[in-house]
Each structure stands twice: as structure tokens, then as C-alpha cells.
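Me: I have a model open and would like to understand the labels people attach to it. Could you take my questions one at a time?

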Amino acid sequence: MMVAKYAPMMDNRSDRQTDRQGRNEFLDIIKYLAIFLVVWGHVIQQTSLVHTWPLQEDPLMRLIYTMHMPLFMGLCGYFFCLSMKKCHSASTYIKQKLMSRLCGLFIPMISFGLFKVLIDFAMGKTFASPLLFLKGWFGAAKGIWFLGDLAVNTMIVLLVLPFCKGCFKRDWKYFLLVLPLTLIPHVTYQAPHMYLYFVFGYWIAAYMDRSVKRFLPLFPYAFVGFIVAYVVFCNLPWPPEDVWFDYHHQSVLRLVVNDSLKIFLGVAGSFLALVLGYYLQPYIKGRWLYRRATCEGRFTLDIYLLQIIIVEKLAGPWHKNWVACGGMDLFNFNFAERVLMTFIVSVLFMECLVMIRKYLNRSRLLRKILFYRG
């Protein structure tokens with residue numbers, strides 16, 4: 001999770017999605033990479049469900065899921081800290097920005113949760129009463145878990161900050177003492193993983209004042225460590241279950257081993273992605289990919305929400321029905337061919353999502369209702 005503060009990678013500017021001035025283009029590129037991995041992971045998920053169960057046995061999807069959401073959550077923690085710094089104190093942030101932040105998370109959950117329910121209704125699902133419809137709506141909104149986790153993690157960190165004095169050696173323990181709170185809310189995965197990634201990103205912005213270019217030489221060691229941990233994770237004597245906390249099916253020993261590996265993979269994978277992006281940036285600068293990434297990296301929330309509808313709710317069921325009706329499974333190839341095919345399809349989906357995003361953002365009303373952006 002080394003979101004490094006080395007120029008031109010980092011600065012102390014807030015991450016406003018629609019503000020083109022003073023943005024950190026490197027981080028926009030990283031966010032674009034991360035959201036592409038989200039789309040790719042969901043393309044694999046929707047096609048794997050035809051033949052693969054448990055789903056996490058798909059090796060490509062498992063590899064993607066070890067790092068793309070940890071990277072996103074770490075970046076969110078980093079930018080949350082920068083936003084706090086602009087307010088100079090937690091109390092000022094709570095008064096001036098907290099309500100807007102929570103609305104920016106919960107309103108998209110509500111609106112896109114409604115879309116999910118309406119799609120289910122159009123596909124034949126019925127609700128015996130308005131109460132059951134509302135229950136289904138709540139469940140659909142809850143399924144947009146990443147935004148719920150962000151809201152909960154924000155509130156937990158705000159509860160911790162009054163005990164902090166600005167010294168990492170003293171403060172770190174307070175962030176960890178509240179880990180049990182991550183198991184309580186019912187709008188999250190009820191797991192500490194995403195909170196830890198969020199806090200790692202927050203710590204980097206809050207406590208690392210010096211340049212961290214010195215961490216770049218750690219890349220080979222992080223790469224080897226990631227590969228070793230991933231191989232161990234994939235070859236445990238029991239199923240890894242999934243890339244999140246699964247206390248319902250695992251013993252204490254399995255939880256300790258599995259989830260320690262997951263957390264390490266998330267941190268190491270995020271570090272590798274950031275360093276790789278840092279070295280790749282000069283080679284793509286001025287090219288189409290650079291322009292697309294620096295532009296659409298500002299709208300990752302929009303793309304994340306839209307892909308839930310386009311990829312998960314529409315394309316996925318269509319593909320499964322197509323195969324069930326005797327249609328050829330376009331992704332029933334060997335591993336190398338499957339990687340290539342799902343990658344190409346994901347690129348096409350990304351372009352469709354970008355076009356839809358641009359169209360929706362032309363309307364001020366739709367921007368507000370769907371993405372809570374004025």
C-alpha cells in the first residue's frame with residue numbers, strides 16, 4: 001500500500017473527482033488501472049459462474065482480487081486524510097464535509113440499488129408486498145458493499161482521531177483497537193480487511209512526511225514475496241474460501257493463516273501496482289492511454305457503479321442464459337486463451353462504460369441522483 005509521496009507521484013491536494021486543476025495525474029492513472037481490474041474481475045466472475053464453483057477457484061479472478069480492491073481502499077484512505085488536512089481538524093471536517101461525504105456514498109447505493117431491483121423485477125422476480133420490495137431494495141443497495149465499507153471506515157477513523165496526537169509510534173494502536181467495530185455493521189463485508197487497507201492509506205498521508213523513493217528498491221523483494229504468498233495461498237490444504245473474511249466456515253487456525261496471507265497479498269500487490277505504474281508512466285505519457293487514464297481516473301466511482309448494472313446485472317445473466325440454451329461458451333478455452341478473451345471483452349466494456357458515463361454526466365439532475373455530484 002505504498003502510495004509514495006515522491007514527485008510527481010503525490011502531493012497534498014484533495015482528490016475531487018471533477019476538479020481538473022492541480023490533480024495528481026499519476027494517481028488518476030492508478031485509479032484507472034484499478035477500475036479496469038474491477039471490470040476485468042467481474043467479467044471473469046460472470047463467465048466463471050457458468051462452469052466454476054466455488055467461484056474463487058478461477059485462478060485469474062483470484063489473482064486480480066488479491067490487490068485491486070485493497071489498492072482502491074488504500075487510495076480512499078489516503079485522500080480522506082488529505083481532505084481532513086484541508087479542514088485542519090476532525091471537528092471542522094465533521095461540520096463541513098462529513099454529511100456531504102456520507103451522502104456521496106449512500107445516495108449512489110440507494111439509486112443503483114433501485115436499478116438492481118427493477119432489473120430483477122423485469123427479469124421475472126416478483127415481490128409479494130411493498131415491504132418485501134423495500135427489503136429487496138435494501139439488500140440490493142447493501143450489495144454495493146465498497147461504498148458501505150467506505151462510509152463505515154470513515155466513521156471508525158473519526159472515532160479514533162480524538163485519541164491521536166500526531167505521532168505514529170503512539171497512535172497506531174488506537175486504530176487497531178477498534179478492529180472489532182468492523183464486524184458490526186451490516187452494510188459491509190463484516191471484516192477487518194478493508195478497514196486495514198483504508199487505514200494504511202490514511203497512515204501514509206498522515207505520518208509519512210519524507211520522500212519514500214527509498215522504497216523503490218524493495219520492488220524485487222515485494223514481487224518475490226507476493227509470488228510466494230500467492231502460491232502458498234492457492235495451495236493450502238483447505239480451500240481459501242474467498243478473498244474476504246469467512247469466519248462462518250473456517251476454524252481459528254484457518255482464519256489466521258488465510259487472512260494473514262490475504263492482508264499481505266493486498267498490501268504487497270498494491271505496492272507492486274504503484275511502483276509498476278510509476279515506471280510505466282513515462283512510456284505512455286502523451287499517448288492515448290495516458291490521456292484516457294488521466295481523464296477517466298477522475299470518474300472511477302461512476303464506472304464502478306455503472307459496471308454493476310452493465311456487467312453484473314445485464315451481461316452476466318445474458319451470457320449464462322445463452323450457454324444454458326445451448327449457445328457456445330465463448331470463454332471455455334484454456335487459461336491463456338481465457339486471459340486474452342476476457343481482457344479484450346473487458347476493454348470493450350470499459351469503452352462502453354466511459355461512453356455511458358459521459359452521456360449521463362451531461363445532465364445535472366442525473367449527476368446528482370446517480371453519483372451525488374453537482
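**Labels and the values behind them**

Reply: Happily, and let me start with the sulfurs: a search of the whole structure finds zero disulfides. Please keep in mind that this is a predicted model.

Me: What makes a pair of cysteines count as a disulfide here?

Reply: The sulfur atoms have to lie within 2.5 Å of each other, and the search of the whole structure returned zero such pairs. In general, a disulfide is a covalent bond between the sulfur atoms of two cysteines.

Me: Why is cysteine 164 called buried?

Reply: Its relative accessibility is 15%, and buried means under 20%, so cysteine 164 counts as buried.

Me: And why is cysteine 295 called partly exposed?

Reply: Cysteine 295 has 22% relative accessibility. Partly exposed covers the range between the 20% and 50% cut-offs, so that is the label cysteine 295 gets.

Me: Thanks! Stepping back, what is the secondary structure of the protein?

Reply: It comes to 14 helices and zero strands. Of the 374 residues, 51% count as buried. Among contacts between residues at least 6 apart in sequence, 75% join residues at least 24 apart.

Me: Which residues touch the most other members of the largest nonpolar core?

Reply: That core has 101 residues, and Phe146, Leu147, Val157, Phe175, Tyr195 and Tyr304 touch the most other members. Helix 1 (residues 25-48) gives the largest share of the core, with 14 residues. As for phenylalanine 146, leaving aside neighbours within four places in sequence, it is in contact with Met69, Phe72, Met73, Cys76 and Tyr304.

Me: Aspartate 28 caught my eye. Why is aspartate 28 called buried?

Reply: Its relative accessibility is 2%, and the label applies under 20%, so aspartate 28 is buried. Aspartate 28 lies in helix 1. Not counting residues up to four places away in sequence, it touches Arg23, Ala293, Thr294, Gly297 and Arg298.

Me: How do you know that tyrosine 202 is buried?

Reply: Tyrosine 202 has a relative accessible area of 6%. With the limit for buried set at under 20%, the label follows. This tyrosine is in helix 8. Setting aside residues up to four places away in sequence, tyrosine 202 touches Gly77, Tyr78, Phe80, Cys81, Val157, Leu161 and Phe175. Its C-alpha atom and that of valine 157, 45 residues apart along the chain, are separated by 9.1 Å.

Me: While we are at helix 8, how do helix 8 and helix 10 meet?

Reply: The axes of helix 8 (residues 193-207) and helix 10 (residues 252-284) come within 11 Å and cross at roughly 35°. The crossing is right-handed. Helix 8 makes the contact with His193, Leu196, Tyr197 and Phe200, while helix 10 brings Asp259, Lys262, Ile263, Gly266 and Val267.

Me: What makes two of these contact residues count as charged?

Reply: Asp, Glu, Lys and Arg count as charged, and Asp259 and Lys262 of helix 10 take part in the contact. The full division is five nonpolar, two polar and two charged. Gly counts as polar, so Gly266 is one of the polar residues.

Me: Why is leucine 177 called exposed?

Reply: Leucine 177 has 61% relative accessibility, and exposed means over 50%, so the label fits leucine 177. Its place is in helix 7 (residues 168-177).

Me: What makes phenylalanine 343 partly exposed?

Reply: The relative accessible area of phenylalanine 343 is 37%, which falls between 20% and 50%. The residue is in helix 13 (residues 335-360). Leaving aside neighbours within four places in sequence, phenylalanine 343 is in contact with Phe36 and Trp40.

Me: Last one: what is the phi of histidine 88?

Reply: Histidine 88 has a positive phi of about 75°, although it is not a glycine. Most residues other than glycine have a negative phi. Histidine 88 sits in the loop between helix 3 (68-87) and helix 4 (90-122). At 74% relative accessibility, against a cut-off of over 50%, histidine 88 counts as exposed. Tyrosine 372 also has a positive phi, near 50°, and its place is in the segment after helix 14 (364-371). With a relative accessible area of 26%, tyrosine 372 is partly exposed.

Terms used:
Residues are numbered from 1 along each chain as its sequence is written. This is a predicted model: local features need pLDDT of at least 70, side-chain atom pairs count only at pLDDT 80 or more; totals for chains, interfaces and linings use all residues. Side-chain values use heavy atoms; hydrogens and water are left out. Axes are lines fitted to C-alpha atoms, for helices over the stretch in contact, and angles run from 0 to 180 degrees between N-to-C directions. Helices (H or I, at least four residues) and strands (E, at least two) are DSSP runs, numbered from the N terminus. A crossing is left-handed if the near helix is turned anticlockwise from the far one by less than a right angle, and right-handed if clockwise. Contact means heavy atoms within 4.5 Å. Buried means under 20% relative accessible area, exposed over 50%, partly exposed in between (1.4 Å probe, protein chains only). A nonpolar core is a set of buried Ala, Val, Leu, Ile, Met, Phe, Trp, Tyr and Cys residues joined through side-chain atoms within 4.5 Å.
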